[in-house]
Amino acid sequence: MKGNYKTIAIKESGNCNGINNSRTTIGLRTVTKNKLDKNRAPGQCYDGFIWQLIDMWEKADDNGR
């Protein structure tokens, strides 16, 4: 993408889906976070949504092989 985008960090604390694991921070452009927020379920944590996306990607990738 062209242009300068403000980069923000997402850092989750506490637990997600009852699992308390160590966390990390990732930097995302604001437009990327806005897309995540638009498409994840209300109250769904970022970790859970990203796992869901990865699972979908892996299933689609397996179908193409």
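Angles of 65 to 115 degrees between axes count as roughly perpendicular. That cut-off matters for two helices in this predicted model. The axes of H1 and H2 cross at roughly 85°, so the two helices are roughly perpendicular to each other. The structure also holds two salt bridges.

**How H1 meets H2**

- Helix H1 covers residues 30-39, and helix H2 covers residues 46-63.
- Their axes come within 11 Å.
- On the H1 side, the contact is made by Lys33, Leu36, Asp37 and Asn39.
- On the H2 side, Tyr46, Phe49 and Leu53 make the contact.
- Four residues of this contact are nonpolar, one is polar and two are charged.

**The salt bridges**

- Side chains of opposite charge can pair when their charged atoms come close.
- Asp37 and Lys33 form one salt bridge, at 2.6 Å from N to O.
- Both of these residues lie in H1. They are four residues apart, about one turn of the helix.
- Asp37 also forms a salt bridge with Arg40, where the closest N and O atoms are 3.3 Å apart.
- Shared partners join Lys33, Asp37 and Arg40 into one network.

**Exposure of Asp37 and Arg40**

- Partly exposed residues fall between the cut-offs of 20% and 50% relative accessible area.
- Asp37 has 28% relative accessibility, so Asp37 counts as partly exposed.
- Arg40 has 22% relative accessibility, so Arg40 counts as partly exposed.

**Where the topics meet**

- Lys33 and Asp37 pair in a salt bridge, and both also take part in the contact of H1 with H2.

Methods:
Residues are numbered from 1 along each chain as its sequence is written. This is a predicted model: local features need pLDDT of at least 70, side-chain atom pairs count only at pLDDT 80 or more; totals for chains, interfaces and linings use all residues. Side-chain values use heavy atoms; hydrogens and water are left out. A salt bridge is a side-chain nitrogen of Lys or Arg within 4 Å of a carboxyl oxygen of Asp or Glu. Buried means under 20% relative accessible area, exposed over 50%, partly exposed in between (1.4 Å probe, protein chains only). Axes are lines fitted to C-alpha atoms, for helices over the stretch in contact, and angles run from 0 to 180 degrees between N-to-C directions. Angles under 35 degrees count as roughly parallel, over 145 as roughly antiparallel, 65 to 115 as roughly perpendicular and the rest as oblique. Contact means heavy atoms within 4.5 Å. Ala, Val, Leu, Ile, Met, Phe, Trp, Tyr, Cys and Pro count as nonpolar, Asp, Glu, Lys and Arg as charged, and the others, Gly among them, as polar.
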